[in-house]
Amino acid sequence: MRPPQDPDRWSRLTAVAGEALAAARAGEDAVAVDLVTGYLSGSPEGNEEIRELVLLLFAESSSMVSALGSGGATPVKMQVFDEEGNEVQIDDADPPVRTAIRALLAEVHGDQDAAAEQIEIALANGQPQELATVVLQALRWTLKLAIECETRELPVAPWITASLDDQP
């Protein structure tokens, strides 16, 4: 995802995303989701900024998947687990999780329009809890991929690195 034309908006989105990643890393999932959905929904652009932020997370995750997959010793594998920690088939995952997976896979395959369409569906049709699930998935994947990329000394966006550096 390219930065929005407005540098202030870009700074705001990356700042909120960075704070949310730091909260997710600290195990504060509710705080992380609230930072994204609560804080941005109060702005004049509300859903538009939530959409942009989630797409930003998926775009960054896609870049990191590509970096990890390029000559990496361990391929990147998408897995979904239920509450008990058992792997479930993607088609059997809850609808918001499937939406998140479809958005990430669309980004990985370079189809930004399809990724945006998935997020639009979540914003337009989803209940607040479903949107929170999509946001949380995006945060978790971004966080896990960033940590793995740093471990392998692969590139990570500076704003993500800064949010990880604030944590133990």
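Select aspartate 94 to begin: this residue lies in the loop between strand S2 (87-88) and helix H4 (95-108). Helices (H or I, at least four residues) and strands (E, at least two) are DSSP runs, numbered from the N terminus. This is a predicted model, in which local features need pLDDT of at least 70, side-chain atom pairs count only at pLDDT 80 or more, and totals for chains, interfaces and linings use all residues. Residues are numbered from 1 along each chain as its sequence is written, and side-chain values use heavy atoms, with hydrogens and water left out.

Aspartate 94 has a relative accessible area of 47% and is partly exposed; buried means under 20%, exposed over 50%, and partly exposed in between (1.4 Å probe, protein chains only). Accessible areas come from the Shrake-Rupley method with a 1.4 Å probe, and for residues only the protein chains shown count as cover.

Next, add Glu83, Glu84 and Glu130 to the selection; together with Asp94 they form a negative surface patch. Patches are made of residues with over 30% relative accessible area and no salt bridge, like charges being joined within 9 Å. Asp and Glu count as negative, Lys and Arg as positive, while His and the chain ends are not counted. The place of a charge is taken as CG of Asp, CD of Glu, NZ of Lys or CZ of Arg.

Turn now to the salt bridges, each a side-chain nitrogen of Lys or Arg within 4 Å of a carboxyl oxygen of Asp or Glu. The count by this rule is seven.

Select arginine 51 and glutamate 48, which form a salt bridge with the closest N and O atoms 2.6 Å apart. The two residues are separated by about one helical turn because they stand three residues apart in helix H3 (residues 46-69). Glutamate 48 is partly exposed at 31% relative accessibility, whereas arginine 51 is buried at 17%.

Keep arginine 51 and add glutamate 120: their side chains meet in a salt bridge of 3.0 Å, N to O. Glutamate 120 belongs to helix H5 (residues 112-125) and arginine 51 to helix H3, so this pair ties together parts 69 residues apart in sequence. Glutamate 120 is partly exposed, at 36%.

Move to aspartate 29 and arginine 140, whose side chains form a salt bridge at 2.6 Å, N to O. This pair links helix H2 (residues 29-41), which holds aspartate 29, with helix H6 (residues 128-151), which holds arginine 140, across 111 residues. Aspartate 29 is partly exposed at 23%, as is arginine 140 at 33%.

Finally, select Arg9, Arg12, Glu49 and Glu52, which a network of salt bridges links.

Technical notes. Patches are made of residues with over 30% relative accessible area and no salt bridge: like charges are joined within 9 Å, nonpolar side chains (Val, Leu, Ile, Met, Phe, Trp, Tyr) within 5 Å.
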